[in-house]
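Here are a few exercises to work through with the structure open beside you. Try each task yourself before you read its solution.

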Amino acid sequence: MASRAGFSTQSSDSISYLLQKEAAEIDEILMGPLGFSVDQLMELAGLSVAAAIAEVYRPSEYSRVLAICGPGNNGGDGLVAARHLHHFGYTPFICYPKRTAKPLYTGLKCLQVADILQLESLGVPFIPVEDLPADLSNEFDIVVDAMFGFSFSGTPRPPFDELIQRLLSLENHDKTQKELPIIVSIDIPSGWHVEEGDTTGEGIKPDMLVSLTAPKLCAKKFCGPHHFLGGRFVPPSIVDKYKLQLPPYPGSSTCVRIGKAPKIDISALRENYISPEFHEEEVEADPFDQVQPPFSFCPCLSKPHAPLKGKKGKKLLPGPTCLLIWGNRMLLFTTEMFRKWFDNAVAAGLKEPNAMALSTSGKDGKPSSRMVLLKGVDKDGFVWYTNYESRKARELSENPCATLLFYWDGLNRQVRVEGSVQKVSGEESEQYFHSRPRGSQIGALASKQSSVIAGRDVLHQEYRELEAKFSHGSALQI
Ligand SMILES: NC(=O)C1=CN([C@@H]2O[C@H](COP(=O)(O)OP(=O)(O)OC[C@H]3O[C@@H](n4cnc5c(N)ncnc54)[C@H](O)[C@@H]3O)[C@@H](O)[C@H]2O)[C@@H](O)CC1
Ligand SMILES: [K+]
């Protein structure tokens, strides 16, 4: 869950939607000339479904997940998603009415046997359809609809007709009375026509739809708040053949949000912290002994940032209020302790753990904040660099007091530092300046930062002069 799905800014009008026939053809091409195996595709599809769910619904609030799996590959995606959700910290349950009983099958059935064995080894319960509570609203927080995908046609036959009815009855509950389970449909909301959608207007209305490979035509009619695309395996030959326009997946994400951005009630925006609690009695008497906070970290270590030194530096000397904060607890700390926590944040793979909000105020007393990057920390203080003509530098020259705030999402920690600020030595500044890439050096010299720029021509002129000074001629952008 370290990587985020991001949001595609591509309008839903410019995304391609597939006809049923095209979806089936793509399936055949992938598993024919392109050499994919069905289990490979299903694994990627199921993983992207689990990732999309985890993106929106946290296990601390939505732990109990029921996956209702159908007889085809859509059902297989549901089994795989449930396995990944287990590893993401959810408690999945499976209802798999057409599960195969015999172990020796070929093709798809063989795969489903493997999926079942893997889920059973994780202790994931399989609930027979007759044991499923008639009212799903008390038992589950999320229901994954993995009954039918793009090969569905006609009207649902038993027992799926009745299962779809149970999902429908969830929607008809009095929503003001209690929290109802979220419905997540894989690829197609089950019971919908693959191209025409919910033709009767009485089909299920999932809260989340995770389209796979490319959305099917019926997805145009999806009105729920969360539409994601998953199945990050489409090769260029298929994109070209079907003239597919698909949004890019950000970074290493297996899913990407498409459709409209979710409407967020800012007043209700609250992070559910799932990191282990840190109790008062666990705090060491000597803060230096509090070296390893009681958190476990992601084993994939990202490379620590190389220490940077340099020019136009500022150093904040921590005053009496240096607080490590986790949840609603605080601990006075030293820069040495900070360093250990910082190293933990780097090891946890957090993005830019050295980003910090710097707040200053000048002689007018009006505070201002901005994000800057920490460039060093030692027993004397915290170092960052700024152009001495910037607003922050001006304010610090008028009032050499500042606060720093680090916020390490994912670890549920923040660090607040308050103190007085002084310039670093010229020598340290020089070292830092020369350690920066050429382009940044030019940019730093030319930049007036937040001060008002008299005229663009003047600035261009300065750039030209600076570029001429540096033979490398690094590219510059204004
Ligand atoms: N690129 C792809 O093609 C990929 C497809 N995947 C998944 O595979 C799905 C398609 O899988 P399948 O082709 O196996 O088909 P489905 O999973 O859509 O379902 C086919 C099964 O449903 C039954 N069925 C159809 N209509 C019915 C009805 N009215 N009542 C009761 N049963 C009915 C069929 O007899 C068949 O057993 C996709 O939607 C997607 O979820 C993913 O696993 C990976 C990639
Ligand atoms: K489905």
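## Exercises with solutions

**Exercise 1.** Sort the residues of the shell around ligand 1 into nonpolar, polar and charged.

*Solution.* Keep in mind that this is a predicted model. Step one is the split itself: the shell has 14 nonpolar, 13 polar and four charged residues. Step two is the total, which is 31 residues surrounding ligand 1, with Gly72, Asn73, Asn74, Gly149 and Ser151 the closest. Step three is to see which helices take part. Helix 1 (20-31), helix 2 (38-56) and helix 3 (73-87) each bring at least two residues to the shell. The largest share, five residues, is from helix 3.

**Exercise 2.** Find out how many helices and strands the chain has, and what percentage of its residues count as buried.

*Solution.* Go through the chain and you get eleven helices and 15 strands. Next, burial: 35% of the 478 residues count as buried. Now look at how the chain folds back on itself. Take the contacts between residues at least 6 apart in sequence: 73% of them join residues at least 24 apart.

**Exercise 3.** Work out whether the residues that UniProt lists under "binding site" are scattered or gathered.

*Solution.* Start with the record: an unreviewed UniProt entry puts the feature "binding site" at Asn74, Asp145 and Ser190. These residues span 117 residues in sequence, but no two of their C-alpha atoms are more than 9.8 Å apart, so they gather at one spot.

Now take two of them in turn. Asp145 is in strand 3 (residues 142-146). Around Asp145 there are 28 other C-beta atoms within 10 Å, and the cut-off for buried is 20 or more, so Asp145 is buried. Ser190 sits in the loop between strand 4 (182-186) and strand 5. Ser190 has 25 other C-beta atoms within 10 Å, so this residue is buried too.

Last step: check the contacts, leaving out residues up to four places away in sequence. Asp145 touches Ser190, and its other partners include Ile68, Leu167 and Pro206. Among the residues that Ser190 touches are Asp145, Met147, Phe148 and Ile204.

**Exercise 4.** Find which residues touch the most other members of the largest nonpolar core.

*Solution.* This core has 73 residues, and the ones with the most core partners are Ala67, Ile68, Ile142, Val144 and Val210. Helix 2 gives the most to this core, ten residues. A second core lies apart from it, with 22 residues, including Ala345, Trp384, Val417 and Val421. As background, nonpolar side chains tend to be buried together in soluble globular proteins.

Then zoom in on Ile68. Skipping neighbours within four places in sequence, its contacts are Cys95, Val143, Val144, Asp145, Ala146, Met147 and Leu163.

**Exercise 5.** Decide for Met371 and for Pro225 whether the residue is buried, partly exposed or exposed.

*Solution.* Met371 is in strand 11 (residues 367-373). Count 10 C-beta neighbours inside 10 Å; exposed means 12 or fewer, so Met371 is exposed. Met371 still has partners beyond four places in sequence: Ala355, Met356 and Ala357. The C-alpha atoms of Met371 and Ala357 are 4.4 Å apart, with their positions 14 residues apart along the chain.

Pro225 is in the loop between strand 5 (208-212) and strand 6 (226-230). Pro225 has 17 C-beta neighbours inside 10 Å, so this residue counts as partly exposed. From Pro225 to Leu209, 16 residues apart along the chain, the C-alpha separation is 8.9 Å.

Technical notes
Residues numbered from 1 in each chain as written. Chains lettered and ligands numbered in written order. Predicted model: local features only at pLDDT ≥ 70, side-chain atom pairs only at ≥ 80, totals over all residues. Near = placed C-beta within 6 Å. Helix = DSSP H or I, 4+ residues; strand = E, 2+ residues; numbered from the N terminus. Nonpolar A, V, L, I, M, F, W, Y, C, P; charged D, E, K, R; others polar. Contact = placed C-beta atoms within 7 Å. UniProt positions renumbered as here; feature names shortened; annotations may be inferred. Core = buried A, V, L, I, M, F, W, Y, C linked by C-beta atoms within 7 Å.
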